Amino acid sequence: MTAPSAIHITARQLTWLAALEWVHAHRHIVRWEAIPFVPYIAGDDDDLFQEAVLAAVQALRVAQNQDPQQLIPFFRTIFRTHCLKLAVGIGSTPWSEDLACTASREVEE
């Protein structure tokens, strides 16, 4: 078994865990912001909460050097943007040229 002193948590892991905890504690904000977009999103609650965690990570990084009271407005703006992208069918991951090449090859075949 690994000794407790041998366990190292990186800053990224700590931010991710903080985002998970924050989203779990603020589910009411997640649902409130997602309500207008839910009928247009092809996903379930798990997908919404995953997007909320991603938005929380981004908000935590932005609000890290600012007033902690700014976290909720940052989160709300980022999460609404994620929901809007999901509602119109834009993936939340950045576009990759490798994906474009693979898709064009599949069409040709």
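## Exercises on a helical chain

In this predicted model, helix α1 is the element that contributes most to the nonpolar surface patch, with 4 residues.

**Exercise 1. The surface patch**

Find which residues make the nonpolar surface patch of about 670 Å², and decide whether Leu17 is buried, partly exposed or exposed.

Solution.
- Step 1. List the members: Ile7, Ile9, Leu14, Trp16, Leu17, Leu20 and Leu54 make the patch.
- Step 2. Place Leu17: this residue sits in helix α1.
- Step 3. Apply the cut-offs. Under 20% relative accessible area is buried, over 50% is exposed, and the range in between is partly exposed. Leu17 has a relative accessible area of 46%, so Leu17 is partly exposed.

**Exercise 2. The chain as a whole**

State how many helices and strands the chain has, and what percentage of its residues is buried.

Solution.
- Step 1. Count the elements: there are 5 helices and 0 strands. Read from the N terminus, the order is α-α-α-α-α.
- Step 2. Take the burial: of the 109 residues in the chain, 23% are buried.
- Step 3. Take the surface: about 8300 Å² is exposed by the chain, and carbon and sulfur atoms account for 59% of that area.
- Step 4. Look at contacts between residues at least 6 apart in sequence: 68% of these join residues at least 24 apart.

**Exercise 3. The nonpolar core**

Identify the residues of the largest nonpolar core that touch the most other members, and the helix with the largest share of this core.

Solution.
- Step 1. The core has 22 residues, and those touching the most other members are Val23, Val30, Phe75, Phe79 and Cys83.
- Step 2. Four helices each supply at least two residues of this core: α1 (11-25), α2 (27-34), α3 (45-63) and α4 (71-88).
- Step 3. The largest share, 9 residues, comes from α3.
- Step 4. Follow one member outward. Leaving aside residues up to four places away in sequence, Phe79 is in contact with Val30, Glu33, Ala34, Leu48, Glu51, Ala52 and Ala55.
- Step 5. Set this beside a general tendency: in soluble globular proteins, nonpolar side chains tend to be buried together.

**Exercise 4. The aromatic rings**

Classify the pair formed by Phe75 and Phe79 as stacked, tilted or edge-to-face.

Solution.
- Step 1. The structure holds 2 aromatic pairs. In the pair of Phe75 and Phe79, the ring centres are 5.4 Å apart and the planes meet at 10°.
- Step 2. Planes under 30 degrees apart count as stacked, so the 10° of Phe75 and Phe79 makes this pair stacked.
- Step 3. Both residues lie in helix α4, 4 residues apart, which is about one turn of the helix. Phe75 and Phe79 are both buried.
- Step 4. Extend the group: Trp22 joins Phe75 and Phe79 in one aromatic cluster.

**Exercise 5. Two links across the sequence**

For Arg27 and Phe49, and then for Ala42 and Gly89, give the separation along the chain and in space.

Solution.
- Step 1. Arg27 belongs to helix α2, and its relative accessibility of 44% makes it partly exposed. Along the chain Arg27 and Phe49 are 22 residues apart, with 8.4 Å between their C-alpha atoms.
- Step 2. Ala42 is in the loop between α2 and α3. Its relative accessible area is 85%, so Ala42 is exposed. Ala42 and Gly89 are 47 residues apart in sequence, and their C-alpha atoms are 8.3 Å apart.

Note on methods. Residues numbered from 1 in each chain as written. Predicted model: local features only at pLDDT ≥ 70, side-chain atom pairs only at ≥ 80, totals over all residues. Heavy atoms only, no water. Core = buried A, V, L, I, M, F, W, Y, C linked by side-chain atoms within 4.5 Å. Buried < 20%, exposed > 50% of the residue type's maximum accessible area, 1.4 Å probe, protein only. Contact = heavy atoms within 4.5 Å. Patch = residues over 30% accessible without salt bridge, like charges linked within 9 Å, V, L, I, M, F, W, Y side chains within 5 Å. Areas by Shrake-Rupley, 256 points an atom, 1.4 Å probe, with all protein chains shown as cover. Salt bridge = Lys/Arg side-chain N within 4 Å of Asp/Glu carboxyl O. Phe/Tyr/Trp six-rings, centres within 6.5 Å; stacked < 30°, edge-to-face > 60°.
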